[in-house]
Structures are given as C-alpha cells and as structure tokens.
Amino acid sequence: MTLNANNQTLPGSITADKLSSITANLKNKTTLRGAINSENTAQSIALNLDKTDKWAVTADSYLTSLTDGDTKLSNIVDKRTYHLL
C-alpha cells in the first residue's frame, strides 16, 4: 500500500501484517502522531518525510527504510524509539 499525505494531520498508528508492505510519503507540513509497525510484523515499511513534516513517535516503531529531507532528523520527535531494520 502507498499512503500519500499532503499538508495533513494524521493521528494514529500505521500497522501491517507479515504479508503487507507500506510506503508512506508525507509532504508539505504533514504531521504523523503515532507509531509505525510497532509490533514489527510488516514485510516492509518505508517512510519518506520532507523537511517540513513532523513525526511524533508514540511507541517503538520498526522501519525498513527512512528518507528525511531534514538531514538532522530534528522533525522526528521521539518519545519512544524507531528502529531501522
């Protein structure tokens, strides 16, 4: 599945089962407030952020790919941990 969000506020987590793959493309000041693949069950999860986006991590999250236009990753507010697999 591909999720494209443009200037959105996305409350909630992104989950997938072991047969599923997700690519989440956030653009133009989109905010995601939640965990991604917190049970580490997805086949693959890719998150693509531009430098204007924000991800507020609410639980441990597991990604296979992370691309961030903010090279310092300061737009990821992690109250938990994200793991790049």
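**Figure 1. Overall view of the predicted model, whose protein chain has 10 strands and 0 helices.** The model shown in this and the following views is predicted. Read along the sequence, the protein chain follows the pattern β-β-β-β-β-β-β-β-β-β. Its radius of gyration is 11 Å, which agrees with the value near 12 Å that a compact globule of 85 residues would have. Taken along the principal axes, the box filled by the C-alpha atoms of the protein chain is roughly 30 × 25 × 20 Å. Of the 85 residues, 35% are buried, and the accessible surface of the chain comes to about 5,000 Å², with 47% of that area belonging to carbon and sulfur atoms. Among the contacts with a separation of 6 or more, 22% are accounted for by residues 24 or more positions apart.

**Figure 2. Close-up of the open sheet with the strand order β1-β3-β5-β8.** The 4 strands of this sheet are paired in parallel, and its edges are formed by β1 (2-6) and β8 (65-68), each of which pairs on one side only. From one strand to the next, the twist averages 5°. At the β1 edge, β1 runs parallel to strand β3 (residues 21-27), and the two are joined by 5 bridges; within this part of the view, N6 stands opposite K27 in β3.

**Figure 3. Close-up of the open sheet with the strand order β2-β4-β6-β9.** This sheet, too, is made of 4 strands with parallel pairing, and its edge strands, β2 (9-11) and β9 (76-78), each pair on one side only. Averaged over the sheet and with direction ignored, neighbouring strands are turned by 10° against each other. Going through the sheet in its strand order, β2 and β4 pair in the parallel sense over 3 bridges, β4 and β6 likewise pair in the parallel sense over 3 bridges, and 3 bridges join β6 to β9, which also run parallel. In the pairing of β6 with β9, the bridge partner of V57 is D78 in β9. Strands of a sheet pair through backbone hydrogen bonds, either parallel or antiparallel.

**Figure 4. Close-up of R33 in strand β4 (residues 31-33).** R33 has bridge partners in two strands of the sheet, for it is the partner of P11 in the pairing with β2, and it stands opposite A56 in β6. Although R33 and A56 are 23 residues apart in sequence, their C-alpha atoms are 4.6 Å apart in space. Apart from its neighbours within four places in sequence, R33 is in contact with L10, P11, G12, A56 and T58, so that both bridge partners, P11 and A56, appear among these contacts. R33 counts as partly exposed because its relative accessibility is 46%, a value between the 20% limit for buried residues and the 50% limit for exposed ones.

**Figure 5. Close-up of the largest nonpolar core, centred on L47 for this view.** The core has 16 residues, of which I36, L47 and W55 touch the most other members. Three strands, β3, β5 (44-49) and β6 (54-57), each supply at least two residues of this core. When its neighbours within four places in sequence are left aside, L47 is in contact with A24, L26, I36, W55, L63, S65, L66 and T67; this list includes I36 and W55, which share with L47 the place of touching the most other core members.

**Figure 6. Close-up of two loop residues with positive phi, N37 and L73.** N37, which lies in the loop between β4 and β5, has a positive phi of about 55° although it is not a glycine. N37 counts as buried because its relative accessibility is 2%, which is under the 20% limit for that class. In the loop between β8 and β9, L73 likewise is not a glycine and yet has a positive phi, here of about 60°. With a relative accessible area of 30%, L73 is partly exposed, whereas N37 is buried.

Key. Residues are numbered from 1 along each chain as its sequence is written. This is a predicted model: local features need pLDDT of at least 70, side-chain atom pairs count only at pLDDT 80 or more; totals for chains, interfaces and linings use all residues. Side-chain values use heavy atoms; hydrogens and water are left out. Buried means under 20% relative accessible area, exposed over 50%, partly exposed in between (1.4 Å probe, protein chains only). Contact means heavy atoms within 4.5 Å. Two strands pair if DSSP finds at least two bridges between them. Axes are lines fitted to C-alpha atoms, for helices over the stretch in contact, and angles run from 0 to 180 degrees between N-to-C directions. A nonpolar core is a set of buried Ala, Val, Leu, Ile, Met, Phe, Trp, Tyr and Cys residues joined through side-chain atoms within 4.5 Å. The radius of gyration is taken over C-alpha atoms; the globule rule is 2.2 Å times the number of residues to the power 0.38. Accessible areas come from the Shrake-Rupley method with a 1.4 Å probe; for residues, only the protein chains shown count as cover.
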